[in-house]
Amino acid sequence: TTTTSMMTHILMEAGKDPTVMIGGYLPLLHAGHRVGKGDTIVLESCEYCDSFLNFFPTLAVVLNVEADHLDYFKDLADIQKSFHKFAGMATDGVIANGDDPHTVEALEGIEYTSFGLGEGNQVTAANISPDWRHFDVLCGGEFYCHLDLGVLGKHNALNALAVAATSRMMGIPGDCVARGVHAFHGAGRRMEYKGDYLGAKVYDDYAHHPDEVRATLEAIRGMGDNRLVLAFQPHTYTRTKLLLEDFVRELGKADVLVLAEIYAARESNTVGISSADLARRIPGAIYCETLQEVTATLRETVRPGDIVVTMGAGDIFRAGEALLAKE
């Protein structure tokens with residue numbers, strides 16, 4: 001969502017008048033979609049149920065490959081097989097994260113332009129600021145543009161490199177990339193600032209996989225030494241069960257952890273798991289059966305100066321909104 005949103009900003013800046021389909025709300029569009037008259041379509045796609053194999057990309061951008069949606073895929077190798085098919089469908093090129101070993105394995109045998117922060121990538125960054133927000137983009141070792149990001153975190157620096165690599169392949173001038181990225185300050189539910197509660201800043205984020213949780217918490221730690229109060233709602237029983245150890249490791253990094261019950265989404269609880277199982281594994285974690293209890297717990301816990309984050313792909317955002325509304 002963040003990457004397609006950044007790309008939309010760049011294409012609008014470059015006067016491409018794109019058609020856009022994003023899996024979230026982009027303030028620039030006042031929506032998650034746009035119908036343009038240009039010859040460019042920006043589309044966010046997902047691997048769940050191999051749905052991304054229903055599209056036929058001109059340029060395919062692969063940000064990362066991880067063990068997820070294991071209620072559909074057998075294992076990581078099965079997921080990588082699908083990503084290989086997806087990348088193979090691109091008619092004009094593939095842009096992929098050269099820092100992610102799962103992606104590199106998945107695209108073996110396919111020619112692609114690699115982006116990343118590690119050595120050996122074709123599109124990379126130099127002169128990086130400590131907060132990852134300011135850096136030069138080098139393409140083949142040559143300066144392309146300087147980026148000043150309006151979003152935080154190493155993962156967003158990688159997202160910005162992805163759109164820079166894509167823009168370069170499309171022949172978009174570097175100054176358009178710089179202006180487009182600078183104007184982007186986040187999409188809905190991606191570390192979205194919701195308001196202030198008694199001197200604490202409240203955010204909402206869509207992260208629901210352990211890798212996403214890790215990346216978001218690392219970005220938050222880069223904001224300062226504030227106490228981090230995390231209200232997390234796991235998404236689906238199978239994901240929680242199969243990735244339990246990873247969730248325990250990543251969620252335990254919060255200073256205060258409040259766990260809402262699992263958001264069922266498309267599933268019924270056939271695996272017999274609850275957020276209470278997570279709470280028992282994480283010292284100090286607080287388990288809440290309802291969102292109302294989450295809000296009440298936050299109200300009792302939050303102190304001035306805290307960073308409060310409601311996190312998950314379900315309806316956990318309602319707990320933060322109720323906190324700010326003082327309901």
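Strands, written with β, are DSSP runs of E with at least two residues, and helices, written with α, are runs of H or I with at least four; both are numbered from the N terminus. With that in hand, Leu198 can be placed in the loop between β10 (192-197) and β11 (200-205). The model on your screen is a predicted one.

**Stop 1: the whole protein**

Show the full chain as a cartoon. Eleven helices and 15 strands make up the secondary structure of the protein. Turn the view along the principal axes, and the C-alpha atoms fill a box of roughly 55 × 45 × 40 Å. Does the radius of gyration agree or disagree with that of a compact globule? A compact globule of 327 residues would have a radius of gyration near 20 Å, and the protein has 20 Å, so the two agree.

Now switch to a surface. The protein exposes about 14,700 Å², and 51% of this is supplied by carbon and sulfur atoms. Of the 327 residues, 52% are buried. Among contacts with a separation of 6 or more, 62% are between residues 24 or more positions apart.

**Stop 2: Leu198 and Trp132**

Go back to Leu198, in the loop between β10 and β11. Leu198 has a relative accessibility of 55%, which means that it counts as exposed, the cut-off being over 50%. Its phi is near 50°, a positive value in a residue other than glycine. Most residues other than glycine have a negative phi.

Next select Trp132, in the loop between β7 and β8. Here too phi is positive, near 70°, and the residue is not glycine. Trp132 is partly exposed, at a relative accessible area of 27%.

**Stop 3: an aromatic cluster**

How many aromatic pairs does a search of the whole structure find? The search finds six. For one of them, select Tyr48 and Tyr72: their ring centres are 6.2 Å apart and their planes are at 65°, so this pair is edge-to-face. Tyr48 is in the loop between β3 (41-43) and β4 (59-62), while Tyr72 is in the loop between β4 and α2 (76-88), so the pair ties together parts 24 residues apart in sequence.

Add Phe73 to the selection. The rings of Tyr72 and Phe73 have centres 4.9 Å apart and planes at 80°, so they too form an edge-to-face pair. Ring pairs thus link Tyr48, Tyr72 and Phe73 into a cluster. Are Tyr72 and Phe73 buried or exposed? Tyr72 is partly exposed, with a relative accessible area of 37%; Phe73 is buried, with 3%.

Before moving on, select Arg266. Its charged end sits over the ring of Tyr48, 4.0 Å from the ring centre.

**Stop 4: the largest nonpolar core**

In soluble globular proteins, nonpolar side chains tend to be buried together. Which residues have the most contacts inside the largest nonpolar core? This core has 35 residues, and the ones to select are Phe135, Val137, Leu147 and Val177. Colour the elements that give two or more residues to the core: α1 (2-13), β1 (19-26), β7 (123-126), β8 (134-139), β9 (142-148), α4 (154-169) and α5 (174-183). Helix α4 gives the largest share, eight residues.

Start with Val137. Beyond residues up to four places away in sequence, Val137 touches Val123, Thr124, Glu142, Phe143, Tyr144, Cys145, Leu147, Leu161 and Ala164.

From Val137, step to Leu147, in strand β9. The two are ten residues apart along the chain, and their C-alpha atoms are separated by 7.3 Å. Leu147 has a relative accessibility of 0%, so it counts as buried. With neighbours within four places in sequence left aside, Leu147 has contacts that include Arg133, His134, Phe135, Ala160 and Val177.

Follow that last contact to Val177, in helix α5. Val177 also counts as buried, at 0% relative accessibility. Outside its neighbours within four places in sequence, Val177 is in contact with Ile10, Tyr144, Cys145, Leu147, Ala164, Ser167 and Ile172.

For a longer view, draw a distance from Val177 to Leu323. These residues are 146 apart along the chain, and 38 Å separates their C-alpha atoms.

Key:
Residues numbered from 1 in each chain as written. Heavy atoms only, no water. Phe/Tyr/Trp six-rings, centres within 6.5 Å; stacked < 30°, edge-to-face > 60°. Buried < 20%, exposed > 50% of the residue type's maximum accessible area, 1.4 Å probe, protein only. Lys NZ or Arg CZ within 6 Å of the ring centre and 35° of its normal. Core = buried A, V, L, I, M, F, W, Y, C linked by side-chain atoms within 4.5 Å. Contact = heavy atoms within 4.5 Å. Rg over C-alpha atoms; globule rule 2.2 N^0.38 Å. Areas by Shrake-Rupley, 256 points an atom, 1.4 Å probe, with all protein chains shown as cover.
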